[in-house]
Amino acid sequence: MLLITCPVTNTDELVAERRIRSVVNHPTHIALHVECPCGGVHVYRTGRRWESARRPAAARPAPELTPA
Ligand SMILES: [Zn+2]
């Protein structure tokens with residue numbers, strides 16, 4: 001499970017890992033494209049390695065990143 005903050009409803013949402021649409025590995029961070037309960041797809045980034053990212057963690061919105 002992954003805890004995200006929806007930028008649309010501004011609420012914390014707990015989403016299943018299968019809702020992660022794609023993971024993009026960047027040199028400085030990992031970008032997660034997550035299907036949100038609000039119906040949209042939001043991009044979050046984490047500085048952790050993928051192994052750590054699989055654990056429940058709070059991810060903050062990364063509005064400066066645009067979906068690929
Ligand atoms: Zn949302």
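The following legends describe close-up views of a predicted model.

Residue numbers start from 1 along each chain as its sequence is written. Because the model is predicted, local features need pLDDT of at least 70 and side-chain atom pairs count only at pLDDT 80 or more, while totals for chains, interfaces and linings use all residues; side-chain values use heavy atoms, with hydrogens and water left out.

**Figure 1. Order of the secondary structure elements in the chain.**
The chain contains one helix and six strands, where helices (H or I, at least four residues) and strands (E, at least two) are DSSP runs numbered from the N terminus. Read from the N terminus, the elements follow the order β-β-β-β-β-α-β. Of the 68 residues, 32% count as buried. Here buried means under 20% relative accessible area, exposed means over 50%, and partly exposed lies in between (1.4 Å probe, protein chains only).

**Figure 2. The zinc ion and its protein donors.**
The zinc ion is bound by Cys6 (SG), Cys36 (SG), Cys38 (SG) and His42 (NE2), at 2.0 to 2.4 Å. Donors are N, O and S atoms within 2.8 Å of the metal (3.2 Å for Na, K and Ca); water is not among the atoms, so sites may look incomplete. Along the chain the donors of the zinc ion are spaced as C-x29-C-x1-C-x3-H. Cys6, in the loop between strand 1 and strand 2, and Cys38, in the loop between strand 4 and strand 5 (41-46), link distant parts of the chain, 32 residues apart. Cys6 is buried, at 0% relative accessible area, whereas Cys38 is partly exposed at 34%. The arrangement is tetrahedral because the four donor atoms subtend angles of 104 to 113 degrees around the zinc ion. Four donors count as tetrahedral if all angles lie between 85 and 135 degrees. For four tetrahedral donors, the ideal angle at a metal is 109.5 degrees.

**Figure 3. A salt-bridge network of Arg19, Arg21 and Glu35.**
A salt bridge is a side-chain nitrogen of Lys or Arg within 4 Å of a carboxyl oxygen of Asp or Glu, and by this rule the count comes to two. Side chains of opposite charge can pair when their charged atoms come close. One salt bridge joins the side chains of Arg19 and Glu35, with an N to O distance of 3.7 Å. Arg19 lies in the loop between strand 2 (12-15) and strand 3 (20-25), and Glu35 in strand 4 (residues 30-35), so that the pair links distant parts of the chain, 16 residues apart. Glu35 also forms a salt bridge with Arg21, whose closest N and O atoms are 3.3 Å apart. Since Glu35 belongs to strand 4 and Arg21 to strand 3, this pair ties together parts 14 residues apart in sequence. Through the shared partners, Arg19, Arg21 and Glu35 form one network. Arg19 is partly exposed at 28% relative accessible area, and Glu35 is likewise partly exposed at 29%. Arg21, at 53%, counts as exposed.

**Figure 4. A nonpolar surface patch of Met1, Leu3 and Leu14.**
Met1, Leu3 and Leu14 make a nonpolar patch of about 280 Å² on the surface. Patches are made of residues with over 30% relative accessible area and no salt bridge; like charges are joined within 9 Å and nonpolar side chains (Val, Leu, Ile, Met, Phe, Trp, Tyr) within 5 Å. Accessible areas come from the Shrake-Rupley method with a 1.4 Å probe, and for residues only the protein chains shown count as cover. Leu3 is located in strand 1 (residues 2-5) and is partly exposed, with 33% relative accessibility.

**Figure 5. Thr28 and His29 in the loop between strand 3 and strand 4.**
A polar contact of 2.9 Å joins the side chains of Thr28 and His29. A polar contact is a pair of N or O atoms within 3.5 Å; within protein, one must be able to donate a hydrogen and the other to accept it, and residues adjacent in sequence count only if both atoms are side-chain atoms. Thr28 is exposed at 64% relative accessible area, whereas His29 is buried at 14%. The C-alpha atoms of Thr28 and Gly47 are separated by 6.6 Å, although these residues are 19 residues apart along the chain.

**Figure 6. Arg45 in strand 5.**
Arg45 is partly exposed, with a relative accessible area of 41%. Arg45 and Val23 lie 22 residues apart in sequence, with 9.4 Å between their C-alpha atoms.

Notes: Four donors count as tetrahedral if all angles lie between 85 and 135 degrees; four count as square planar and six as octahedral if opposite donors are over 155 degrees apart and all others between 65 and 115; anything else is irregular.
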